[in-house]
Amino acid sequence: MWNKNKSLFLSRILTDVCAGLALIFAFFVPGGAEWYNYISEPIGILSDRNVTIPMIVVIYFCIAMAFCVLWSLHKLLNNIAGEKVFIPENTSCLRAISWACMLAGFSMAVLALWRAIFVFFAFLLIFFGLVMRVLKNVFENAVEIKSENDFTI
């Protein structure tokens, strides 16, 4: 039977797998960027220029943001496993996830100057960051309500 503990265990495993895949992916960024520059349709304000170097920089920045997200998820899952759900540290984790997604989205928007397709990825990342921001605000209010209830009893 599937239960809360198995779900948390699976989430932790998937977080670790994603971190490992991001680390492996980082080794292939330069070659992938050169290949993409060769095969891509040059549509964008700076489309007449080579996209390889800007793409490498942006993707490495996005990988750094991904590790920030994964670390925050790791802390969040550890707190939940320890029965510490509505605490300020979890709100901080959600805030960090939100900002990391937003920053990655803005970096993709910069990359869209070379190739317009990255506008789509920028939109997705910024939208996800916005959703996480709303969840952070809801969670922050829940932490405040729990704190007030704890003092009432």
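Here is a quick tour of the core, the pockets and the aromatic pairs in this structure. Keep in mind that the model is predicted. The largest nonpolar core has 30 residues, the largest pocket comes in at about 260 Å³, and there are five aromatic pairs to look at.

**The nonpolar core**

- If you want the residues with the most contacts inside the 30-residue core, pull up V51, M55, M108, L111 and F118.
- Four helices each put at least two residues into this core: helix 2 (29-39), helix 3 (52-81), helix 4 (88-111) and helix 5 (118-152).
- Helix 3 supplies the largest share of the core, at nine residues.
- M108 is a good place to zoom in: leaving aside residues up to four places away in sequence, it touches V58, C62, F118, F121, A122 and L125.

**A buried serine**

- S98 sits in helix 4.
- Its relative accessible area is 0%, so S98 is buried; the cut-off for that label is under 20%.
- Not counting residues up to four places away in sequence, S98 is in contact with G129, M132 and R133.

**The largest pocket**

- This pocket has a volume of about 260 Å³, and 14 residues line it.
- Nearest its centre you'll find F25, V29, I59, C62 and I63.
- Helix 1 (4-27), helix 2 and helix 3 are the elements that give two or more residues to the lining.
- Helix 3 gives the most, with five residues.
- Sorted by class, the lining is 13 nonpolar residues and one polar residue, with no charged ones.

**The second largest pocket**

- The runner-up has a volume of about 190 Å³.
- Its lining is made of C62, M65, A66, V69, L70, A100, C101, A104, M108 and L125.
- Here the elements giving two or more residues are helix 3 and helix 4.
- Helix 3 again gives the most, with five residues.
- By class, this lining has ten nonpolar residues, with no polar and no charged ones.
- Two names turn up again here: C62 is among the residues nearest the centre of the largest pocket and also lines the second largest one, while M108, another lining residue of the second largest pocket, is one of the core residues with the most contacts.

**Aromatic pairs**

- Of the five aromatic pairs in the structure, one is formed by Y36 and F118, with ring centres 5.7 Å apart and planes at 70 degrees. That angle makes the pair edge-to-face, because the cut-off for this label is over 60 degrees.
- The Y36–F118 pair ties together distant parts of the chain, with Y36 in helix 2 and F118 in helix 5, 82 residues apart.
- Both partners are buried: Y36 has 17% relative accessibility and F118 has 7%.
- Another pair, F123 and F127, is stacked, at 5.9 Å centre to centre with 20 degrees between the planes.
- F123 and F127 are four residues apart in helix 5, so about one helical turn separates them.
- F123 is exposed, with a relative accessible area of 53%, whereas F127 counts as partly exposed at 47%.
- Ring pairs also join Y36, F118, F120 and F121 into a cluster. F118 and F121 from this cluster are both among the residues that M108 touches.

Key: Residues numbered from 1 in each chain as written. Predicted model: local features only at pLDDT ≥ 70, side-chain atom pairs only at ≥ 80, totals over all residues. Heavy atoms only, no water. Core = buried A, V, L, I, M, F, W, Y, C linked by side-chain atoms within 4.5 Å. Buried < 20%, exposed > 50% of the residue type's maximum accessible area, 1.4 Å probe, protein only. Contact = heavy atoms within 4.5 Å. 1 Å grid on protein atoms, 1.4 Å probe; cavity = no way out; pocket = protein on both sides within 12 Å on 5 of 7 lines; lining within 4 Å. Points joined across faces, edges and corners; volume = space filled by probe spheres on them. Nonpolar A, V, L, I, M, F, W, Y, C, P; charged D, E, K, R; others polar. Phe/Tyr/Trp six-rings, centres within 6.5 Å; stacked < 30°, edge-to-face > 60°.
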